[in-house]
Amino acid sequence: MIIEENEFDKQIEDLLNKEKTARLANNLVETLKITKQIAKLCFDTKQYSKFNELIIQLSKKRGQPKKAQIELVQMAMVELKTLPINQKLEMIDAIMKVCEKKIYLEVEYARCVLMLTQYKEDDNQIADAAKILQEVQVETYGSMDKREKLEFILYQMKIMIKKLDYVRLFIISKKIEPKNIEDDNIADLKIIYYSFLVIYYRHENNYKETAHAYSKILESLHKNKQLEATKVDFNFRIDYNTILENYSMYTILSQYSEEKEKQLKFIISTYKYSLEALPNMLQLIQAFLGTELISTLPQSHNIQAAEIFDENIENNKQRYIDFRRQLIHHNLRIFQIYYDSVYLNRITELIGISTQELEEEICLMMDQKLLNCKIDRILGIVDYQLKKNENDVLQEWGDNVNKVLNLIDLTSNLIKREEELFL
């Protein structure tokens, strides 16, 4: 529609006068009708700058109904899709000014922030994008759809990764409760969420939590392999075998504990058939669960091609060092099973490391409460049979007494039950 500028200004002035009359008379229907006419006239004549000015002006009018503001913003959101980039950014800025700090327009505000951030990201203005995005607390928005809310938070996490702001990334990740994404309808978002957590924990060299994040991704893929098509940024591979391999490797890299042993047994039992496609990984897990010495040379286990050692992923050299350390620690635990005491040079001969490194690793394991021994450097012996102090002896005696009493109590209950059944 082509209208002369003077005629356009006159029509807008007439509509504004009518809007004022209807608004002051509390005539909601007429006010809504006129505000829509103002917006439509601006859009039809492509007077977008004037519309941006008017939408801010109308929102500040005394007694302006919420419904009128909502209608104007929603019309603007639809019109945004047809605008070129410069005009779109100007209108987004106007809409955000109208929506700011208004609960009834919080969803539209969040959507505008998201659009603005995406343009900043495309223009490689990551710091500016992060500054805009991190201030929006969509987790408090009751009117926003669950999926849209999760997508917004995931986008916040993505921008923080791009900014390399890992502290804020972790803070934002806590906005999502794990139980709230255990839904098959949003399984793709669950995969993206745990993929971002993998990136965070991998940066922190937290192997236990990295393994847990991979286990959650694998859990979803195990239910539905079609989720392998999920797109994740940062070249993160969503491939069943790769995820299973990484889950297994990060579990092996984590510090020894009963929980680690349970996790390895769980992997063997749950993903038994899937591990057949990864024979080297299967053998490695079985070796860690066994009670025999294994080679401390990482390359002898034929897993150099594993993604965790990829030079394009940060801290890959540290993971190689830590993998070798876990091989050494496994062997030192095996010595504790079979020997009361053993010569240091005999250990170095069997597992192929230097005496200095051996002493360092034994001290580290003792500090982590993984070994209970002492080193006699004069004799060159590791002694696993340490004398217990009075408190340890009493504690052990008390534990044994409790075990005996529990067995007696259980036996008495079983005898009583049999008597009730047959007497």
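Is F309 buried or exposed, as judged by relative accessibility? In this predicted model, F309 has a relative accessibility of 13% and therefore counts as buried, the cut-off for burial being under 20%.

Aromatic contacts were examined across the whole structure, and 13 aromatic pairs were found. In one of them, the ring centres of Y214 and Y250 lie 5.7 Å apart with the planes at 20°, so this pair is stacked. Because Y214 belongs to helix α11 (residues 207–223) and Y250 to helix α12 (residues 240–253), the contact ties together parts that are 36 residues apart in sequence. Y214 and Y250 are both buried, and together with Y207 and F236 they form one aromatic cluster.

F309 takes part in a pair with Y320, in which the ring centres are 5.7 Å apart and the planes stand at 75°; the arrangement is therefore edge-to-face. F309 is located in the loop between α14 and α15, whereas Y320 lies in helix α15, eleven residues apart. Y320 counts as partly exposed, at 34% relative accessibility.

Charged side chains also meet aromatic rings. The charged end of K225 sits over the ring of Y240, 4.3 Å from its centre, and R333 lies over the face of Y256 at 3.8 Å from the ring centre.

On the surface, a nonpolar patch is formed by L293, I337, Y338, Y339 and L350, with a combined accessible area of about 480 Å². Within this patch, L293 is placed in the loop between α14 (279–289) and α15 (316–338) and is partly exposed, its relative accessible area being 35%.

Methods: Residues numbered from 1 in each chain as written. Predicted model: local features only at pLDDT ≥ 70, side-chain atom pairs only at ≥ 80, totals over all residues. Heavy atoms only, no water. Patch = residues over 30% accessible without salt bridge, like charges linked within 9 Å, V, L, I, M, F, W, Y side chains within 5 Å. Areas by Shrake-Rupley, 256 points an atom, 1.4 Å probe, with all protein chains shown as cover. Salt bridge = Lys/Arg side-chain N within 4 Å of Asp/Glu carboxyl O. Helix = DSSP H or I, 4+ residues; strand = E, 2+ residues; numbered from the N terminus. Buried < 20%, exposed > 50% of the residue type's maximum accessible area, 1.4 Å probe, protein only. Phe/Tyr/Trp six-rings, centres within 6.5 Å; stacked < 30°, edge-to-face > 60°. Lys NZ or Arg CZ within 6 Å of the ring centre and 35° of its normal.
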